[in-house]
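Q: Please take one part of this model and go through it closely, covering what it pairs with and how far it is enclosed. A dry account is fine.

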Amino acid sequence: MSAREDIMGRIKSALRDAPETPVVPREYRRSSNMSAEQRLEQLVDRLEDYKANVFVTPAAKAPAKLAELLAGSSSIVVPHGLPKEWLAELTDDAGSLAVHVDSPERRLTVAELDAVDAVVTAAATAVSETGTIMLDGSEDQGRRIISLVPDRHICLLRAGDIVEVLPEAIARLEATRPQTWISGPSATSDIELERVEGVHGPRILDVIILT
Amino acid sequence: MSNTFLGMPALPVFGHGNLNATEPFPQAARRELANTQLRANLGHATHTIRDKRLKVVAELPDWEQMRDSGSAIKDATMANLPGMLEAFEANFTQRGGIIHWARDAQEANEIVTALIRETGETEVVKVKSMATQEIGLNEYLEEQGIAAYETDLAELIVQLDHDKPSHILVPAIHKNRSQVREIFLREMPGVDPLLTDEPARLAEAARKHLRKKFLTAKVAISGANFGLADTGTLTVVESEGNGRMCLTLPETLITVMGIEKLLPSWSDLEVFMQLLPRSSTGERMNPYTSLWTGVTPGDGPQNVHLVMLDNGRTAALADKMGRTALNCIRCSACMNVCPVYERTGGHAYGSTYPGPIGAILSPLMTGIKSEENNSLPYASSLCGACFDACPVKINIPEILVHLRGEDIDSQRAKIKVPTQMDLLMKGAEWAFSSGTKLNLLERGLPLGKLAAGRDKVIKKLPGIAGGWTKTRDIPAPPSQSFRQWWDKEHTPGTAVVPGMTPGNSAENSEGEQA
Ligand code: SF4
């Protein structure tokens, strides 16, 4: 008998008293009763608590903000679907900043990713109550590896994509897409349960929220 | 579909690996208790995390509703486990993942080894996983000539120190920062000799140490926190980014997951991803959560395997009273609030699963007859703190009592003649059956006082009661009982000063029932 059949048989035998399937109560909050401003304010508060750097900017000013943050950097990687206009103010700077585009046709190697200063991505949605930004591998967010290997992650989030509670985000996301939920820069509490930022993931997380 | 189980219920098949204590709990606890550094570290850590947990739990107005949902979702999963597993398997497989089934630790280790061999690699990176700890995978791989590198900071500390984890969430909780520094200086090749004991510096040292391994690893091994039956999605919850590294960079990913880790649907994750981070690290959300479903072309490992592990889980499932122990999401809240764990630490439990949950889960998975684990259900004062803290409302004290009963039954079955405990219980039944009988016994109290002698403590009791005095002294009994004093006080005309040796009390309490 295969291991699978064996285990299935054991399970069925274990359940021969036919335990009842309970009706699952769903009394917890499944939608927000906060205003958009409150959600924005809450998200900023939570992300800063995790030691992320947060900037709230009108969408039209996003390119300028990005250029400001990247002043002094020499190279970045972006996913091929990142809105081109966000990068508009980066390239006219005498071309001193190299922008590598990761696309299905030209996938950057690990070594190339390890050599860039930062990655710039969009985000799928964010949960203000927990301070969590979700990436789902859409074209403006790219492969999981590009937002992981560079030491700095700059994430642009549209304020309209902020929800308050996790169930609202779950309803917006598609389970089978490869996802990364990010709540602050990489951290550990493994030594005396004291949280310190900066282990293996990006040590700097900048979030630009576009209003 | 096999139907061999019909009619003839199969006997439960128990688990193996690092589930068995190597020595009985009382013995191990005595040694661990003598380690004052350990107790200081643990006391500090468990108190810090308790406070954090309480604070973030109090923030949510619907925490109790969420616990109710979590508990019911898990009960529903267990009641329908075969269907859940089939659905998960179909979805995961349909998207390019490959599923293997392992009856026990040995089989799981063999499967993982064979999968690594197929890649031709002799090194793998690992993200912290209870299941692989349980089956002793690292040791097995080492015997096979395969080096497995733990990448979680705490696991790395434990591995470098050739030690064992003592906590399911923070395996190095028993080490303080200066001990970690010493381990790094001693065991980490090329480490900066000027390394300080600041946690941030220590974390940086770990980053440097592992960076190259991550960027060049071809094979990774992980566990999983949840598997979603209706989509075939797996989830890993972590903090450092070592999980993301392992789940994203290598070509081959091998995940080992217990069959009980499933949730029926994607939307159930909204409950568990609120319960888990707040209960475990006391954070609103952990820094990183990764989700993957089979293979995503062009993104992450293209060779994706999952080993579904039984290793005694079906035996736990067969125990009607105990099966809710399988609902555990390994948050560690129960050990962080446990007065016994706080003092003995995780090593005393022997098994991969320490603390209150370990005290029920280990014997359920190995069988209570397993000599080393039958003392675990007694490693509790039954104070109930674990039940209150448990995000999925596992009634740990109730299961502990149930397992103590099972243990006594199994001992009795071995012995056949009535044990001292049986005789004592019989005696108690007689004594408490009427006030007269109790009064009669209570007249013996002054004798106890005599036995205690001048320092008013009794150091050694006879028979199995000696088990009690082996680890503690008991104060001498008073010269009269409360009932005797009450009678004196309330018999009209007699006033007795408490503490004075009374004469015979009137036998006026007949008919009063205990
Ligand atoms: S038994 Fe409950 S509290 Fe303990 S680790 Fe499991 S889920 Fe957490």
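A: V78(A) has V101(A) as its bridge partner in β3(A). The model is a predicted one. The pair belongs to the contact between strand β2 (residues 75-79) and strand β3 (residues 98-102) of chain A, where five bridges join the two strands in parallel. β2(A) also pairs with strand β4 (residues 118-122) of chain A, again in the parallel sense, over two bridges. In that pairing, V77(A) stands opposite V119(A) of β4(A).

Next, burial. In a regular strand, side chains alternate between the two faces of the sheet. For β2(A), S75(A), V77(A) and P79(A) lie on one side, while I76(A) and V78(A) lie on the other. Both faces are covered, and each of these residues is buried, the cut-off for buried being under 20% relative accessible area. Because five of the five residues of β2(A) are buried, the strand is largely enclosed by the rest of the structure.

For a helical contact to set beside this strand, turn to chain B. There, helix α8 (residues 153-160) packs on helix α9 (residues 177-187) at about 60°, with the axes 10 Å apart. The two helices are therefore oblique to each other, and α8(B) passes α9(B) in a left-handed crossing. α8(B) contributes L153(B), L156(B), I157(B) and L160(B) to the contact, and α9(B) contributes V180(B), I183(B), F184(B) and E187(B). By class, that contact has seven nonpolar residues, no polar ones and one charged residue.

Key: Residues are numbered from 1 along each chain as its sequence is written. Chains are lettered from A and ligands numbered from 1 in the order in which they are written. This is a predicted model: local features need pLDDT of at least 70, side-chain atom pairs count only at pLDDT 80 or more; totals for chains, interfaces and linings use all residues. Side-chain values use heavy atoms; hydrogens and water are left out. Axes are lines fitted to C-alpha atoms, for helices over the stretch in contact, and angles run from 0 to 180 degrees between N-to-C directions. Helices (H or I, at least four residues) and strands (E, at least two) are DSSP runs, numbered from the N terminus. Angles under 35 degrees count as roughly parallel, over 145 as roughly antiparallel, 65 to 115 as roughly perpendicular and the rest as oblique. A crossing is left-handed if the near helix is turned anticlockwise from the far one by less than a right angle, and right-handed if clockwise. Contact means heavy atoms within 4.5 Å. Ala, Val, Leu, Ile, Met, Phe, Trp, Tyr, Cys and Pro count as nonpolar, Asp, Glu, Lys and Arg as charged, and the others, Gly among them, as polar. Buried means under 20% relative accessible area, exposed over 50%, partly exposed in between (1.4 Å probe, protein chains only). Two strands pair if DSSP finds at least two bridges between them.
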